[in-house]
Amino acid sequence: MRGSEILERMADSRSEDVAVIGNTDLSAADPHNNTMTEEGVPLLKTMEISVSEAEKRTGKNAVSMQEVYTVYLIETRPVNTISEGLSAAPDSLWRRYSEFELLRNYLLVTFPYIVVPPLPEKRAEFVWHKLSADNMDPDFVERRRIGLENFLLRVASHSVLSKDKIFYLFLTQDDGWKDVVYDTGFQAKADSRLKALNATFRVKHPDKRYTELKHYSDELHSVISQLLRVRAKVADRLYGVYKVHGNYGRVFSEWSAIEREMGDGLQSAGHHMDAYAASVDDILEEEEHYADQLKEYLYYSEALRAVCRKHELIQYELEMAAQDLVSKKQQREELATGTVRTFSLKGMTSKLFGQETPEQREAKLKILEQQIVEGEELVKTSNAECDEYVRNAWVDIDRFKEQKNQDLKEALISYAVMQISMCKKGIQVWNNAKECFSKMSH
Amino acid sequence: MSVSTPKLLPSSGKKSIHDIFHPLSCEEAALTPPSPELQITSSTGDKDFSLPNGTPVDTSSPASSSSLLNRLQLDDDLDGETRDLFVTVDDPKKHLSTMETYITYRVTTKTTRTEFDLPEYSVRRRYQDFDWLRNKLEDTQPTHIIPPLPEKFVVKGVVDRFSEEFVETRRKALDKFLKRIADHPVLSFNDNFNVFLSAKDLNSYKKQGMALLSKMGESVKYVTGGYKLRSRPLEFAAMGDYLDMFTQKLGTIDRIAQRIIKEQAEYLVELREYGPLYSNWASAEGELREPLEGVSSCLANCSTALEELTEDMSEEFLPVFREYVLYIESMKNVLKKRDQVQAEYEAKLEAVAFRKEERPCVPTDVEKCQDRVECFNADLKADWDRWQNNKRQDFRLLLTGMADRNIQYYEKCLAAWESVIPLLQDKPDGKGEMPS
């Protein structure tokens, strides 16, 4: 079965949460998908989205220097018009990569408990020697276009993300979208990296599931990195093997010129060797698609890691709040009973410099009581926040896991299909050559 | 002896009976019109042939240097049905003596020829015995192309003379060497060849030297008197040109083949690093574990298949090219000898012509030279055609073999990848996913 056929079959029977790469036509909603009925229909159901073209533009950048950049055409069209046979022209607008980045950063901050789909790579990585690392290279631009479309489709088919207003405006509002995003003030909400790092080392009661998930995301990242790196080397070597066979083509041709009976057989065999050498270009171009699929999950593992990090942060803050509350309660007790349970500098100083007056103590107690009340409130909300986060995140993580398994299976199938096709071509070429060789003598 | 065959002799190319019947006959040698100097007018049946050193030649035996007789004999080597001499080289064994360590090979002969006392022989020979045989053949059959031996000395100092691969490659080459001689209508009747195949103790025979030999003579060395050749017949010039160009092409192909082997070896290194990574990945996964393991073992199978392909190419393919280069070397030497014989004849002829007024008839000395030239040319042409035929066969086999090996490699890989597909497809009963 062809990889794409398998994909279509899966698309038909699966929930809409699975992004259909390159295929924007979704069939009816799966009635068993509870998240749908609860939260409504994701955007992709009602709107056809595509990133159809790429163009070069020149303009002035932030420091007033001339720059060349690429813009991508986003086309949208309501699904109804298509099914009714009225092919209205799609709405469209141009966006550049940095705007996609802005959108994604916004989504990351606004929905920290969601595994946000990644963008295609900013710079060409894991390149094998024939592949260009130049961002302006047409092949790179084309693969980026596909990646950007994939990103939009994934967001648009996500039950939570697709409902976001900013996302909708990204697709439809030509002017001033950037201002709208900045106005949301999402940048202020972004957690500092330092804070996040701090949390990683200080959490006392980490959630076991999240710890495992964190390890998994690290492992996934590591293993896919290695895989991509070695795959690029394999591609390089394969290229070399095929291309050297082209030399046979030339020498057989030369040799056939000095032969009489053997000449024809050699000459035609030489042509097959040339064809063999040339075939590797298409083979490797197709394989890049597999590499892109792996890359998506490489970056997805980073998104997964981000969700874990956010959880750690929330957990850490909860623990801090709880700890703070405990210490405040302790202080109150000490103040109220006048006993010093634990060694404290305050206790020492009061012993050294005399006790406080009852009025001072009363004042302090009052402040403490207030702080404790606030503290209890904080712990309560932190706890609730943590619980809510854990719940919401885990729903999306489950969704993500399922999506990942299906997508990677699909990627592996199409990779196997590619390899099978390559083997079959190889058999055919060598059979052709063999036939020519056997005509060399009787 | 029938005199009708001389019509074939003029350098229109010798056509063996076998070739005449076949529509796709070898035409390589039939490039040019007959050379004017070499008109064969006399029959050879009652000629007093002798080798350049004066040793008379027995014309009644088919093993004479008369190539007319050579031509009359059916070229059975290509049919195999009427072949009456079968030789095989196998069973290499290591021998340790106080002085040295060496390998011997078993040489088995089966024959119905009356020249042999027994119908079957089995003897053990070492490389230097083969070398001795070759030298003897070159000396006693100077007008014929003697097949090459594998290299005497190991070129790369690192190669192990006793490694399985080296011994096997050598064995195959030695086997081919003897088979080519056995298939040759003249060389196969050489007494030295007979002795090589049958003598229990070859060394004592070697020491005894010429005494046991037939009238063919021993250690005939061509007196290359340094005569200058006036003009080489086009036919032989074409042979020389062809050999030069062919050597060049062979060299190129050898280099390409080596390059491919090198590239494949490097590809293999990367593949062997690539496959296990899928296994690593599998250990971190749940539902994907089986498919990923499947991909990993598939890649391992492909790696093994590639390794086998590269080994085959190295052991079966490359040696044949090397061998043909050696063959061409010995052929060029034979061509040179021919040139010398012709030059000598021309010189003598010229000397006579110079004194033409004094002597009314052509002296037998010059006539003998002329015969020598004619015989050499005829022998050489016959061997050339035979060689061309064998060359075509050999390269056809070689190249189709190369194609076959590549096909087998791809078929193995195809099977490996096809077995991965079922692991990746959704199970029909739609079982629930395991926690990843």
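Is Ser330(B) buried or exposed? In this predicted model, Ser330(B) is buried, with a relative accessible area of 6%. The legends below begin with this residue and then turn to other views.

**View 1. Ser330(B) and its surroundings in helix H8 of chain B.** The residue shown belongs to helix H8 of chain B. Because its relative accessible area is 6%, Ser330(B) counts as buried, the limit for that class being under 20%. A polar atom of the Ser330(B) side chain is 2.8 Å from the backbone oxygen of Tyr327(B). When residues up to four places away in sequence are not counted, Ser330(B) touches Arg134(B), Ile145(B) and Ile146(B).

**View 2. Lys348(B), a partly exposed residue.** Lys348(B) also has its place in helix H8 of chain B. The relative accessible area of Lys348(B) is 22%. The residue is therefore classed as partly exposed, since buried means under 20% and exposed means over 50%. The side chain of Lys348(B) is joined to that of Glu344(B) by a polar contact of 2.9 Å. With neighbours within four places in sequence left aside, Lys348(B) is in contact with Asp365(B), Val366(B) and Cys369(B). Gln370(B) is 22 residues away from Lys348(B) along the chain, and the C-alpha atoms of these two residues are separated by 9.6 Å.

**View 3. The largest nonpolar core, with Tyr248(A) among its members.** This core contains 139 residues. The members that touch the most others are Tyr248(A), Phe252(A) and Tyr278(B). Two or more core residues come from each of helix H10 (208–258), helix H11 (263–337) and helix H13 (358–438) of chain A, and likewise from each of helix H7 (234–284), helix H8 (289–354) and helix H9 (364–424) of chain B. H13(A) provides the largest share, 25 residues. Beyond its neighbours within four places in sequence, Tyr248(A) is in contact with Met273(A) of chain A. On chain B, Tyr248(A) contacts Ile253(B), Ile256(B), Ala257(B), Ile260(B), Phe317(B) and Met402(B). Another core, of 35 residues, lies apart from this one, and its members include Phe111(A), Leu161(A), Leu169(A) and Trp177(A).

**View 4. The interface of chain A and chain B, with the salt bridge between Arg229(A) and Glu273(B).** Chain A contributes 63 residues to the contact, and chain B contributes 63 residues. Together the two chains bury about 6,300 Å² between them, with 70% of that area on carbon and sulfur atoms. There are 10 salt bridges across the interface. In one of these, which links Arg229(A) and Glu273(B), the closest N and O atoms are 4.0 Å apart. Polar contacts between the chains involve 13 residue pairs, counted where both residues have pLDDT 80 or more. On the side of chain A that touches chain B, H10, H11 and H13 each supply at least two residues. H10(A) gives the most, with 26 residues. The residues on this side of chain A comprise 36 nonpolar, 12 polar and 15 charged.

**View 5. The helices and strands of chain B.** Chain B has 9 helices and 3 strands. Read from the N terminus on, its elements follow the order α-α-β-β-β-α-α-α-α-α-α-α. Of the 436 residues in chain B, 51% are buried. Among contacts in chain B between residues at least 6 apart in sequence, 75% link residues at least 24 apart.

Key
Residues numbered from 1 in each chain as written. Chains lettered and ligands numbered in written order. Heavy atoms only, no water. Core = buried A, V, L, I, M, F, W, Y, C linked by side-chain atoms within 4.5 Å. Buried < 20%, exposed > 50% of the residue type's maximum accessible area, 1.4 Å probe, protein only. Helix = DSSP H or I, 4+ residues; strand = E, 2+ residues; numbered from the N terminus. Contact = heavy atoms within 4.5 Å. Buried area = accessible area lost by both parts, 1.4 Å probe. Salt bridge = Lys/Arg side-chain N within 4 Å of Asp/Glu carboxyl O. Polar contact = N/O pair within 3.5 Å; in protein donor to acceptor, adjacent residues only side chain to side chain. Nonpolar A, V, L, I, M, F, W, Y, C, P; charged D, E, K, R; others polar.
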